[in-house]
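This report considers the cysteines of the chain and one pairing of helices. Please consult the sequence and the structure shown below.

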Amino acid sequence: MVGTVSNRKKPFAVYFDGSCPLCRKEIAFYRKCAGADKIDWQDVSSVSFGEKDLSCQAAMARFHVRQNDGVLIDGGRAFIALWRQLPAFRAIGIICSLPPLSWIIDRAYDAFLPIRPWLQRLVQEETAEDT
């Protein structure tokens with residue numbers, strides 16, 4: 001968990017890799033949910049991306065969110081925080097916040113990272129076939 005605190009007061013922010021077809025699909029799903037309009041969606045692959053305490057490289061390597069209090073978190077715990085922001089997922093987010101589930105989800109995210117490139121290629125090929 002990153003745990004960096006920023007001195008700014010901003011809405012809950014999600015940092016995602018807009019150059020990744022898998023990430024784009026997942027974020028598009030979340031952006032359609034009720035409550036998504038209150039979230040600051042930041043494409044870290046964009047030229048305009050810039051955060052003092054979050055490099056583009058770090059943001060593209062792992063999923064990050066910044067909570068309303070300015071705390072930056074990553075990995076599975078970042079997904080739990082996102083779920084808690086969206087009414088349709090809030091209950092699951094609260095349940096998953098509890099130990100040992102939060103630990104299990106964080107470890108599952110870490111286990112997912114090595115297969116992410118393969119899944120990205122799979123989604124990229126699927127997207128190319130659809131066009």
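## Disulfides and cysteine burial

In this predicted model, the number of disulfides is zero. For Cys96, the closest cysteine sulfur belongs to Cys33 and lies 15 Å away, too far for a bond; a disulfide would require the two sulfur atoms to be within 2.5 Å.

The threshold for a buried residue is a relative accessible area under 20%. Cys96 is therefore classed as buried, with a relative accessibility of 9%. Cys23 has a relative accessibility of 15% and so counts as buried. Cys20 is likewise buried, because its relative accessible area is 1%.

## The surroundings of Cys20

Cys20 occupies the loop that connects β2 (13–16) to α1 (21–31). Leaving aside residues up to four places away in sequence, Cys20 is in contact with Arg116 and Gln120.

A further relationship links Cys20 to Val123: the two are separated by 103 residues in sequence, yet their C-alpha atoms are 9.1 Å apart in space.

## The contact of α3 with α4

Cys96 also takes part in a contact between helices, as one of the α4 residues that meet α3. The axes of α3 (residues 76–85) and α4 (residues 90–97) approach within 6 Å and cross at roughly 145 degrees. The crossing of α3 past α4 is left-handed.

On the α3 side, the contact involves Ile80, Trp83, Arg84 and Gln85; on the α4 side, Arg90, Gly93, Ile94, Cys96 and Ser97. By class, the residues of this contact comprise four nonpolar, three polar and two charged.

Methods: Residues numbered from 1 in each chain as written. Predicted model: local features only at pLDDT ≥ 70, side-chain atom pairs only at ≥ 80, totals over all residues. Heavy atoms only, no water. Axes fitted to C-alpha atoms, helices over the stretch in contact; angles between N-to-C directions. Helix = DSSP H or I, 4+ residues; strand = E, 2+ residues; numbered from the N terminus. Left-handed = near helix turned anticlockwise from the far one by under 90°. Contact = heavy atoms within 4.5 Å. Nonpolar A, V, L, I, M, F, W, Y, C, P; charged D, E, K, R; others polar. Buried < 20%, exposed > 50% of the residue type's maximum accessible area, 1.4 Å probe, protein only.
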